[in-house]
Amino acid sequence: MMDAAKSFPAEDAPKYLAIKQRLIDEIRGGRLHDGQSLPGEKALSLHYSASRSTIRNALRELRAAGLLETSKGRRSVVRDLSARRRNRRFLWFGRRPEHHDEPARAPIYDALLRLAEADRTTLTYWMMRGENDDRWLAEHLHEYDGIVVADIGATELMPELARKLRGFGNSVCTQERGDNLARCVCHTDDYRLGRMAAEFLFGQGFARIAMLCVSSGLRTLSMAQACNHRFNGFMDACLVLGRGRQYFPTVFSSAETDVTDPAPLLESLKLRENRIQVLWVMSDAYALKCIETLSKMGFRIPEDISVLGCDGIDSGAAAPVPLTTIGHPHQGIAERIYRLLLDGIGREIPSEVISIPPELIIRKSVKIASSNPIER
């Protein structure tokens with residue numbers, strides 16, 4: 001058995017305590033994050049110009065303090081930062097669940113909530129309700145460790161709350177927007193989504209494609225931007241693929257009635273006369289209404305006409321004709337947002353736009369060429 005003097009050489013004691021303190025400072029300062037693996041003993045030994053036994057003693061002290069976790073055969077991992085020992089509080093600032101834009105955001109919130117619950121974190125859903133509630137939130141915003149700003153127009157907020165949201169250092173928005181209500185944007189690349197739609201549809205042999213974009217009043221700048229990015233991505237892909245001279249009837253509508261009843265818009269496209277093979281609808285919720293209306297008009301989906309959606313909402317999978325769509329990778333977006341918020345506790349996160357690639361979800365509403373992709 002090794003004696004105490006051999007295990008803790010007197011001349012090494014100040015060294016390992018000094019290394020321990022330097023690592024604590026790195027953790028407290030946020031330079032070493034919760035869940036981050038430390039370099040191996042050899043690398044730490046070289047970095048601190050210390051023996052490996054000195055490094056082991058420093059790491060043992062940190063484990064005893066609850067700041068490191070080590071399992072056999074694996075590197076040490078930072079755990080239980082003092083700033084995170086209390087129950088973290090994150091805020092999701094969104095619209096009412098029944099709002100027409102919200103179904104596309106809900107799966108991101110649900111995935112974020114699962115991550116939070118598994119990690120002793122409280123995620124509060126705050127709805128836009130009125131000036132009194134907005135004033136209360138403006139006064140209590142500092143009590144939250146991080147904020148997710150969903151698709152909200154700055155013009156709809158009281159000025160004091162909008163100003164405080166802009167100044168909040170640890171905030172992420174789920175949609176690229178023009179009002180800068182959050183430090184960082186984490187969203188799906190809508191331009192790339194449009195290109196993916198063109199590549200997929202042309203890959204299935206479609207030549208007559210109609211596009212349909214409906215947003216009641218285009219209440220938010222970001223919604224209008226998203227539709228434009230998707231449309232531009234589609235048209236640019238057409239040029240690259242040599243389809244630039246083809247006819248692609250497109251409808252942009254902001255009429256309230258069009259949201260509830262697609263029939264007038266579908267009739268305006270003269271689907272049979274124009275021999276339309278596929279309808280690309282830039283919203284899953286509206287695509288499902290179009291399928292229902294097309295069926296009443298005597299069209300079979302996808303035998304007579306195919307329908308491609310956008311968003312990837314869960315209800316698309318459970319529809320009578322399961323909706324093929326190009327969607328947001330909800331889990332991937334939620335995981336990236338959660339890591340950004342954790343890393344940003346107590347400091348300002350970088351001001352940047354993070355684009356997550358969209359994903360193609362093949363179901364039953366689009367007629368697939370003989371070389372079928374995997375359906376799910």
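Asp-284 touches Gly-309, Cys-310, Asp-311, Gly-312, Ile-313, Leu-323 and Thr-325, leaving aside residues up to four places away in sequence. I start there, with the reminder that this is a predicted model. Asp-284 sits in helix 13, which covers residues 284-296. What about its charge? Asp-284 is buried yet has no salt bridge. The nearest side chain of opposite charge belongs to Arg-363, and that is 5.5 Å away. A salt bridge here needs nitrogen and oxygen within 4 Å, so Asp-284 is left without one.

Now the pairs that do meet the rule. How many salt bridges does the rule give? The count comes to 12. I will go through a few of them.

The first on my list is Asp-190 with Arg-230. Their side chains meet in a salt bridge, 2.8 Å from N to O. Asp-190 lies in helix 9, residues 190-203, and Arg-230 lies in helix 10, so this pair ties together parts that are 40 residues apart in sequence. Are these two partners buried or exposed? Asp-190 has 4% relative accessibility and therefore counts as buried. Arg-230, at 5%, counts as buried too.

Next, a pair within one helix. Asp-343 forms a salt bridge with Arg-339, and the closest N and O atoms are 3.5 Å apart. Both residues lie in helix 14, residues 330-343, with their positions 4 residues apart, about one turn of the helix. Asp-343 is buried, because its relative accessible area is 18% and the cut-off for buried is under 20%. Arg-339 is at 36% relative accessibility, so it counts as partly exposed.

The next pair is Arg-56 with Glu-41. Their side chains meet in a salt bridge at 3.0 Å, N to O. This one links distant parts of the chain, with Arg-56 in helix 4 and Glu-41 in helix 3, 15 residues apart. Arg-56 has 41% relative accessibility and counts as partly exposed. Glu-41 is partly exposed as well, with a relative accessible area of 24%. There is also a third member: Glu-41, Arg-52 and Arg-56 are linked in a network of salt bridges.

That brings us to the two helices themselves. How do helix 3 and helix 4 cross? Helix 3 is residues 41-48 and helix 4 is residues 52-64; their axes come within 9 Å and cross at roughly 105°. Angles from 65 to 115 degrees count as roughly perpendicular, and the two helices are therefore roughly perpendicular to each other. Which residues make the contact? On the helix 3 side they are Glu-41, Lys-42, Leu-44, Ser-45 and Tyr-48, and these meet Arg-52, Ile-55, Arg-56 and Leu-59 in helix 4. By class, the contact has 4 nonpolar, 1 polar and 4 charged residues. The network of Glu-41, Arg-52 and Arg-56 draws on residues from that contact list.

Last item, Arg-243. Where is it? Arg-243 lies in the loop between helix 10, residues 221-240, and strand 9, residues 250-253. At 23% relative accessibility, Arg-243 counts as partly exposed. Setting aside residues up to four places away in sequence, Arg-243 touches Phe-202, Phe-206, Ala-207, Cys-238 and Phe-248. For Phe-202, there is also a backbone figure: its C-alpha atom and that of Arg-243 are separated by 9.0 Å, with the two residues 41 apart along the chain.

That is my list; I will take questions.

Conventions
Residues numbered from 1 in each chain as written. Predicted model: local features only at pLDDT ≥ 70, side-chain atom pairs only at ≥ 80, totals over all residues. Heavy atoms only, no water. Axes fitted to C-alpha atoms, helices over the stretch in contact; angles between N-to-C directions. Parallel < 35°, antiparallel > 145°, perpendicular 65-115°, else oblique. Contact = heavy atoms within 4.5 Å. Nonpolar A, V, L, I, M, F, W, Y, C, P; charged D, E, K, R; others polar. Buried < 20%, exposed > 50% of the residue type's maximum accessible area, 1.4 Å probe, protein only. Lys, Arg positive; Asp, Glu negative; His and termini not counted.
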